[in-house]
Amino acid sequence: MNSLTRAALGSTLMLASSLAHAYPLLWQNNSITYLYGTDFQVDPDTQQTVTFEHASGWTKGDLFAFFDTIHYNGGTNSEDQNSSYYGEISPRLSLSKITGQSFAFGPITDVLLAGTYEFGRNDLKNYLLGPAVDLSIPGFDYFQLNTYYRHANNDEGGRGIWQITPVWAYTVPVGNSDILIDGFIDWVVDNDGDNYHANLHINPQVKYDLGKALGWSDKQLYTGIEYDYWKHKYGIPNGTFGLDTHQSATNLIAKYHF
């Protein structure tokens, strides 16, 4: 099953790459975010992060990717490092766009095949693959529900377990501008033996469209906060080696889209 999972995800990534070359890009959005936060667990308490994000739509699917560079203020992690990095590449293939047939029913507007490659420092490599749906929910800019079968490159990352990942955005008009509430939830629903614990990671952002308020282009410059709740962070059971792995951290953020 592990070899099959890797092969399937590899095929999905190659297919997505082929589609990107064979079919036109419909839209794209890139951004840089600066975050400063405290009350992190497992890693040092205070952190600064710079994040690059890319989102794009193609005639046969979509793509989301991000890369974090993380600096620990005045501390080091368990590997005696004062910084780290982490990223994800997440292509999705639309069954309706590939086949030319509608898969819409009820609130579901599309059915997709979703893959994610997670990578980071200390040889972190995780492979995820599974079905996804796009939903039409009143008021939401978009709402995705992705489900994944997870396979990690090492025992500590979780193997043969499932993850549910909703992703959303919701815009609220406020005066002459808007507040954007967006984010994701990663819910790993089961344990992998004694090495990896089921965990819940909730990460919403609440951002004010400062650029629009100043009379600049809308959806370009945001400021706000990010709340990061992570129960059993990194899949580490709470209390392991005396660690508190239930994280409740807050970041101040500034985000620029280009």
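How many of the 13 residues of strand 5 are buried? Keep that in mind; the answer comes with the second view.

A quick note before the close-ups: this is a predicted model, where local features need pLDDT of at least 70, side-chain atom pairs count only at pLDDT 80 or more, and totals for chains, interfaces and linings use all residues. Residues are numbered from 1 along each chain as its sequence is written, and side-chain values use heavy atoms, with hydrogens and water left out.

**View 1. Twelve strands close into a barrel.**
Follow the strands in the order 1-2-3-4-5-6-7-8-9-10-11-12 and you go around a barrel of 12 strands, with antiparallel pairing. On average, neighbouring strands of this sheet are turned by 20° against each other, direction ignored. (Axes here are lines fitted to C-alpha atoms, for helices over the stretch in contact, and angles run from 0 to 180 degrees between N-to-C directions.) Strands (E, at least two residues) and helices (H or I, at least four) are DSSP runs, numbered from the N terminus. Two strands count as paired if DSSP finds at least two bridges between them. As a bit of background, strands of a sheet pair through backbone hydrogen bonds, either parallel or antiparallel.

**View 2. Strand 5 sits between strand 4 and strand 6 in the barrel order.**
Here is the answer to the opening question: 10 of the 13 residues of strand 5 are buried, so this strand is largely enclosed by the rest of the structure. Buried means under 20% relative accessible area, exposed means over 50%, and partly exposed is in between (1.4 Å probe, protein chains only). Strand 5 (residues 108-120) pairs with strand 6 (residues 124-135) over 12 bridges, in the antiparallel sense. Look across that pairing and you'll find Leu113 with its bridge partner Pro131, and Val111 standing opposite Val133. The hairpin of these two strands has three residues between them, and there Asn122 takes a positive phi near 65°. Strand 4 also pairs with strand 5 in the antiparallel sense, over seven bridges; Tyr86 has Gly120 as its bridge partner in strand 5.

**View 3. Five residues make up the largest nonpolar core.**
Pick out Leu112, Ala114, Leu128, Ala132 and Tyr148: together they are the core. Strand 5 and strand 6 are the elements that give two or more residues to it. A nonpolar core is a set of buried Ala, Val, Leu, Ile, Met, Phe, Trp, Tyr and Cys residues joined through side-chain atoms within 4.5 Å.

**View 4. Arg92 is a buried residue with several polar partners.**
Arg92 is found in strand 4 (residues 83-94) and counts as buried because its relative accessible area is 4%. Its side chain makes polar contacts with the side chains of Asp62, at 2.8 Å, and Asn146, at 3.3 Å. (A polar contact is a pair of N or O atoms within 3.5 Å; within protein, one must be able to donate a hydrogen and the other to accept it, and residues adjacent in sequence count only if both atoms are side-chain atoms.) Arg92 also forms a salt bridge with Asp134, with the closest N and O atoms 3.0 Å apart. Arg92 lies in strand 4 and Asp134 in strand 6, so the pair ties together parts that are 42 residues apart in sequence. Asp134 is buried too, just like Arg92. A salt bridge means a side-chain nitrogen of Lys or Arg within 4 Å of a carboxyl oxygen of Asp or Glu.

**View 5. Asp43 and Lys233 meet in a salt bridge between two loops.**
The structure holds eight salt bridges. In this one, N and O are 3.6 Å apart. Asp43 is in the loop between strand 1 (25-38) and strand 2 (47-58), while Lys233 is in the loop between strand 11 and strand 12 (247-257), 190 residues away along the chain. Both residues are buried.

**View 6. Tyr222 is tucked into strand 11 as a buried residue.**
Strand 11 covers residues 221-231, and Tyr222 counts as buried because its relative accessible area is 6%. Leaving aside neighbours within four places in sequence, Tyr222 is in contact (heavy atoms within 4.5 Å) with residues including Leu180, Tyr208, Ile253 and His257. Now find Asn191: its C-alpha atom is 38 Å from that of Tyr222, and the two residues are 31 apart along the chain.
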